[in-house]
Amino acid sequence: MMKSNNLFRLNVGFLINQAVGSYRQFEIDAPFIQIDEDTRFNNVKTDIRVSRVQQGILVSVEAGAVIDLECVRCLDPYVQTIDCNFDELYAFHIRQNIGAESYLPENGFIDLLPLLEEYLTLEIPISPLCDENCKGLCDVCGANLNYETCIHHQESEIKS
Ligand SMILES: [Zn+2]
Ligand SMILES: [Zn+2]
């Protein structure tokens, strides 16, 4: 999928020649990140800290977004808040740093978008609920019990 105008491609090359412990903070917001046809994170806000460490550049990301989901109980659409945070080490020399997951490209540009997409997607609830107390639908008449009380539901409540 084409990613145009990637706000999360950062030049961190300026940190390479700075002392260990130097860092810079970025706040990058994006109106949305489209994952696929059905999945789109809106109002994406990130706090990104880029630090010079011994082995390379350590990137720490805190991100938040909202996503439109459908409640599994009442089937109503609702807006779910998604938060995630992660660290990624971009090592200078991948062979000398066996634990590192990424290495720093020679041009100093790193692209955080794939990681951001991955970590945000991991936080999407498997069984989305509009509210943890959502009363769901009546399985006889389909009434949304958050808004109305149907005759079936009253009877079953009295019995139990
Ligand atoms: Zn619901
Ligand atoms: Zn009913």
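Two strands count as paired if DSSP finds at least two bridges between them. Strands themselves are DSSP runs of E with at least two residues, helices are runs of H or I with at least four, and both are numbered from the N terminus. This is a predicted model, where local features need pLDDT of at least 70, side-chain atom pairs count only at pLDDT 80 or more, and totals for chains, interfaces and linings use all residues. Residues are numbered from 1 along each chain as its sequence is written, with chains lettered from A and ligands numbered from 1 in the order in which they are written.

Q: What makes β3 and β4 a pair?
A: The bar is at least two bridges. Strand β3 (residues 39–53) and strand β4 (residues 56–70) share eleven, in the antiparallel sense, so by the definition they pair. In that pairing, F41 sits opposite I67 in β4, and the hairpin leaves two residues between the strands.

Q: How do you know that β4 pairs with β5?
A: Again it comes down to bridges: 15 of them link β4 to strand β5 (residues 77–91), antiparallel once more. A63 stands opposite C84 in β5, and L58 is across from L89 in β5. This hairpin has six residues between its strands, and L75 takes a positive phi near 65 degrees there.

Q: Why are β2 and β6 called edge strands?
A: Look at the sheet order first: five strands run β2-β3-β4-β5-β6 in an open sheet with mixed pairing. β2 (23–36) and β6 (102–103) each pair on one side only, so they are the edges.

Q: What lies across the sheet strands β2, β3, β4 and β5?
A: That's α1, running at about 135 degrees to β5. The angle is taken between N-to-C directions on a 0 to 180 degrees scale, using axes fitted to C-alpha atoms, for helices over the stretch in contact. Contact here means that C-beta atoms, placed from the backbone, lie within 7 Å.

Q: Why is D131 called exposed?
A: A residue is exposed if 12 or fewer other C-beta atoms lie within 10 Å of its own, buried at 20 or more, and partly exposed in between, with C-beta atoms placed from the backbone. D131 has 12, so it counts as exposed. D131 belongs to the loop between α1 (113–122) and α2 (151–159). Its C-alpha is 9.8 Å from that of Q80, though the two residues are 51 apart in sequence.

Q: How many of the 160 residues make the buried cut?
A: Buried residues come to 18% of the protein.

Technical notes. Contact = placed C-beta atoms within 7 Å.
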